[in-house]
Amino acid sequence: MTSRSAPDRLLAVLAAFDHTHSALSLTDISRRAGLTLSTAHRLVGALTEWGALERDPSGAYHVGLRLWEVAALAPRGLALRQVALPYLEDLYEATHENVQLAVRDGSEVVYTEWLSGRSAVGVHIRVGARWPLHVTGVGLALLAHGGSELQDAYCAGPLASYTPHTITDPAQLRRVLAEVRRTGVAVSSRQVTADALSVAAPVRGPGGAVVAAVSVVVPHAGATVPVLVPAVRLAARGISRALGWQPEGRPE
């Protein structure tokens with residue numbers, strides 16, 4: 001087995017944590033990171049001293065605030081959220097449904113903000129959650145504007161399925177992506193859960209490239225897509241302008 005470098009081992013410790021493993025013992029970290037217990041102990045100690053990890057009274061380790069401080073500097077993270085939040089709040093007030101902001105990371109969509117009301121349809125989303133691009137509205141919007149090379153590679157790979165309505169045929173996915181580019185909005189119906197529908201629109205940066213996507217998620221039953229589309233487009237356009245995008249008289 002090839003020996004891993006010190007940075008690789010440090011990153012493996014941090015990668016041991018995820019949304020379903022937010023609190024880990026030293027033994028858990030060692031196992032999930034693929035490290036000996038002594039190596040894990042040394043690296044966890046260094047990360048805890050720096051503040052990347054914190055230990056609770058029970059002895060379990062959690063991601064530390066210092067790491068959150070550094071992550072907040074990411075331009076597609078907290079900075080994007082701060083610019084977008086007023087427009088997301090307006091979209092929520094207009095719909096009182098789930099409102100989401102997301103960015104693309106490789107072949108996945110990562111949620112950077114989520115607003116939800118008590119009566120909104122239940123969704124399997126939280127800030128930081130990841131989903132395959134083809135199963136969500138925001139993911140379809142990002143994939144449609146990600147370029148032909150990304151789309152070719154994505155369609156060549158396996159398309160995960162979550163419900164009978166999830167798109168699993170590459171040819172169908174290509175048709176959907178073409179429709180997203182034509183209309184400027186993406187609609188994902190019952191792809192993750194059988195009771196939800198999302199409408200999403202791309203968010204553009206100063207140069208016009210799509211840097212994020214915004215969506216509203218509503219119950220599938222009784223959903224009125226034509227009513228939702230203008231509100232979602234308005235929010236996406238507002239965020240884009242706030243980021244410095246100029247439409248130059250052309251459609252989004």
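Asn-98 sits across from Val-217 of strand E8 in this predicted model. That pairing belongs to the contact between E8 and strand E3, which covers residues 98-105. The two strands run antiparallel, and five bridges hold the pair together on paper. Val-217 turns up again on another strand: Ser-198 has Val-217 as its bridge partner in E8. Here the neighbour is strand E7, residues 196-204, and E7 and E8 are joined by nine bridges, again in an antiparallel arrangement. So much for the pairing; the link between E7 and E8 is a hairpin, with five residues separating the two strands. Gly-208 lies in the turn of that hairpin and has a positive phi of about 100°.

What about the burial of E8 itself? Strand E8 takes in residues 210-219, and seven of its ten residues are buried, so the strand is largely enclosed by the rest of the structure. As a general point, side chains in a regular strand alternate between the two faces of the sheet.

Moving to another strand, Trp-131 is found in E5, which spans residues 130-132. Is Trp-131 buried or exposed? Its relative accessibility is 13%, and because the cut-off for buried is under 20%, Trp-131 counts as buried. Pro-57 makes a handy reference point for placing this tryptophan: Trp-131 and Pro-57 are 74 residues apart along the sequence, and their C-alpha atoms are 33 Å apart in space.

Stepping back to the whole chain, the secondary structure adds up to nine helices and eight strands. With 252 residues, the globule rule gives 18 Å, and the radius of gyration of 20 Å is close to that, so the protein is as compact as a globular protein of that length. Measured out along the principal axes, the C-alpha atoms fill a box of roughly 60 × 40 × 35 Å. Of the 252 residues, 43% count as buried. Among contacts with a separation of 6 or more, 53% are between residues 24 or more positions apart.

The accessible surface comes to about 13,000 Å², and carbon and sulfur atoms contribute 56% of it. As for charge, the protein carries 23 positive and 21 negative side chains. The centres of these two sets lie 4 Å apart.

Definitions and conventions:
Residues are numbered from 1 along each chain as its sequence is written. This is a predicted model: local features need pLDDT of at least 70, side-chain atom pairs count only at pLDDT 80 or more; totals for chains, interfaces and linings use all residues. Side-chain values use heavy atoms; hydrogens and water are left out. Helices (H or I, at least four residues) and strands (E, at least two) are DSSP runs, numbered from the N terminus. The radius of gyration is taken over C-alpha atoms; the globule rule is 2.2 Å times the number of residues to the power 0.38. Buried means under 20% relative accessible area, exposed over 50%, partly exposed in between (1.4 Å probe, protein chains only). Contact means heavy atoms within 4.5 Å. Accessible areas come from the Shrake-Rupley method with a 1.4 Å probe; for residues, only the protein chains shown count as cover. Lys and Arg count as positive and Asp and Glu as negative; His and the chain ends are not counted. The place of a charge is taken as NZ of Lys, CZ of Arg, CG of Asp or CD of Glu. Two strands pair if DSSP finds at least two bridges between them.
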